[in-house]
Amino acid sequence: MAADIHPPVFTDYISNPAFHSMEAFWNKWGIQHTDLNNVLNTWLVMIVLIILAWLVKRKLEMVPKGSQNFWEVVVSTLEDIVVQTMGEHGRPFFPLVASLALFILSCNLIGILPWFQSSTNNLNTTLALALIAFIMTHYVGIRAHGVKYVKHFLGPVSWLVPLLFPIEIISHLSRILSLSFRLFGNIMGEDLAIVILTLLLPYLIPLPMMVLQVFTSFIQTLVFIMLTMMYISASLEEAH
Amino acid sequence: MRRAFLAGLIILGITLFAGLAFAAESSEGMLGVIQYTVLGAGLAIGLGAIGSGVGMGHAIGGTVEGMSRNPEVGGRLLTTMIIGLAMIESLTIYALVIALILLFGNPYIK
């Protein structure tokens, strides 16, 4: 099984002893070795992002120089994206969207480096991210509209309600499926393609696929946050 | 055109039955589950790629024409096109997931 061809990762130093010493415990909960590596790589990305943010925040100045320049460009680009897509009333959602964007982008991109693994190549991570987006849209809708939020599901005419209500519920639930599967399929597909091409000819043939991997990482991040923002603004606006 | 389509269907039917006859002796009592699984995985990703290719070509063609008519909204058209392509691509990704499940985690092969 090609998923068992797992390339060596830095977190193997932690997950190998942890898995083999507590094997009965992991097997009782159905946790595989790859899940340990996946979660540890998620933590690695989080630690790297937090340390980078803390290093910049220590010395913030009015006239930026050095790494503060780079992060100001990143933050202002994300702010432009959020305000253009959601309008001015979307500013409270900027921390959520920007955190999702930076996390997903770093998780996707870090798999290109040799001793790291993209955490998003596992359905568990992408399902968690999709659930965050889903719960946020419904929480925001219920907080803004109260009980009248149900009118979003009912459609334009009252006699179509028995037909449209299940369809709307299913289409809302399928948003979780589509968000998680899109991100998982793209990143896992790229990883599998590179693994299989590496088995053919190690250092030359995977290079075009790795260029494509950088491109796909950015595009999938952009699509995820665009969809999250569109769902949130759709649940904030008035019903049909 | 119609005769070519019918001839293609007949050839496909003959291939499927011939493959079943040649392959039945390999796994007793399961009548070529592995063979049909592999065929199914290949067809899944192949047909998924056809649909995605046609749809994406149509989308990009419309975007390029729109950009040529009105270059100053080119940025917004590009963003909309990228999001639309990701939507279309996700349908092919569903087909890819089915193909991967069939090849690597088939529940019918013990």
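S180(A) sits within helix α7 of chain A, which covers residues 161–200. This is a predicted model, and the description of S180(A) and of every other residue below should be read accordingly. With 23 other C-beta atoms within 10 Å, S180(A) is buried, because a count of 20 or more places a residue in that class. Setting aside residues up to four places away in sequence, S180(A) touches L123(A), T126(A), L127(A) and A130(A). Helix α6 of chain A spans 123–145, and the C-alpha atom of A128(A) is 8.1 Å from that of S180(A), although 52 residues separate the two in sequence.

The helix that holds S180(A) belongs to a chain with eight helices and zero strands. Read from the N terminus, the order of elements in chain A is α-α-α-α-α-α-α-α. The C-alpha trace of chain A spans about 60 × 55 × 40 Å along its principal axes. Of the 240 residues in chain A, 24% are buried. Among contacts in chain A between residues at least 6 apart in sequence, 68% join residues at least 24 apart.

Helix α7 of chain A also takes part in the contact with chain B. In that contact, 13 residues of chain A meet nine residues of chain B. Helices α7 and α8 of chain A, the latter covering 206–236, each supply at least two residues of the side of chain A that touches chain B. The most comes from α7(A), which gives six residues. Sorted by class, this side of chain A has eight nonpolar, four polar and one charged residues. For the complex, the predictor gives an ipTM of 0.70 and a pTM of 0.84.

Helix α8 of chain A offers a contrast in burial. L207(A) lies in this helix. Only 11 other C-beta atoms fall within 10 Å of L207(A), so L207(A) is exposed under a limit of 12 or fewer. L197(A) is ten residues from L207(A) in sequence, and their C-alpha atoms are 9.6 Å apart in space. In the segment after α8 of chain A comes E237(A). E237(A) is partly exposed, because its 13 other C-beta atoms within 10 Å lie between the limits for exposed and buried residues. Although E237(A) and V140(A) are 97 residues apart along the chain, their C-alpha atoms are separated by 11 Å.

The next topic is the nonpolar core. In soluble globular proteins, nonpolar side chains tend to be buried together. The largest nonpolar core here has 32 residues, and the members that touch the most other members are I104(A), F224(A), M229(A) and A99(B). At least two residues of this core come from each of α3 (33–58), α4 (67–86), α5 (94–110), α6, α7 and α8 of chain A, and likewise from each of α2 and α3 of chain B. For M229(A), the contacts beyond its neighbours within four places in sequence are V82(A), T85(A), M86(A), G90(A) and V97(A).

Chain B, which contributes A99(B) to the core, has three helices and zero strands. Its elements run α-α-α from the N terminus on. Of the 110 residues of chain B, 9% count as buried. Residues 24 or more positions apart account for 67% of the contacts in chain B with a separation of 6 or more.

Within chain B, helix α2 (residues 33–69) and helix α3 (residues 74–104) pack with their axes 8 Å apart, at an angle of about 175°. Angles over 145 degrees count as roughly antiparallel, and α2(B) is therefore roughly antiparallel to α3(B). The contact of α2(B) with α3(B) has 19 nonpolar, eleven polar and one charged residues by class.

Confidence varies among the elements of chain B. The lowest mean pLDDT, 78, belongs to helix α1 of chain B (residues 2–23), and the highest, 94, to α2(B). Over chain B the mean pLDDT is 86, and 88% of its residues reach 70 or more.

Definitions and conventions
Residues are numbered from 1 along each chain as its sequence is written. Chains are lettered from A and ligands numbered from 1 in the order in which they are written. This is a predicted model: local features need pLDDT of at least 70, side-chain atom pairs count only at pLDDT 80 or more; totals for chains, interfaces and linings use all residues. Helices (H or I, at least four residues) and strands (E, at least two) are DSSP runs, numbered from the N terminus. Two residues are in contact if their C-beta atoms, placed from the backbone, lie within 7 Å. Ala, Val, Leu, Ile, Met, Phe, Trp, Tyr, Cys and Pro count as nonpolar, Asp, Glu, Lys and Arg as charged, and the others, Gly among them, as polar. Axes are lines fitted to C-alpha atoms, for helices over the stretch in contact, and angles run from 0 to 180 degrees between N-to-C directions. Angles under 35 degrees count as roughly parallel, over 145 as roughly antiparallel, 65 to 115 as roughly perpendicular and the rest as oblique. A nonpolar core is a set of buried Ala, Val, Leu, Ile, Met, Phe, Trp, Tyr and Cys residues joined through C-beta atoms within 7 Å. pLDDT is the predictor's confidence in each residue, from 0 to 100.
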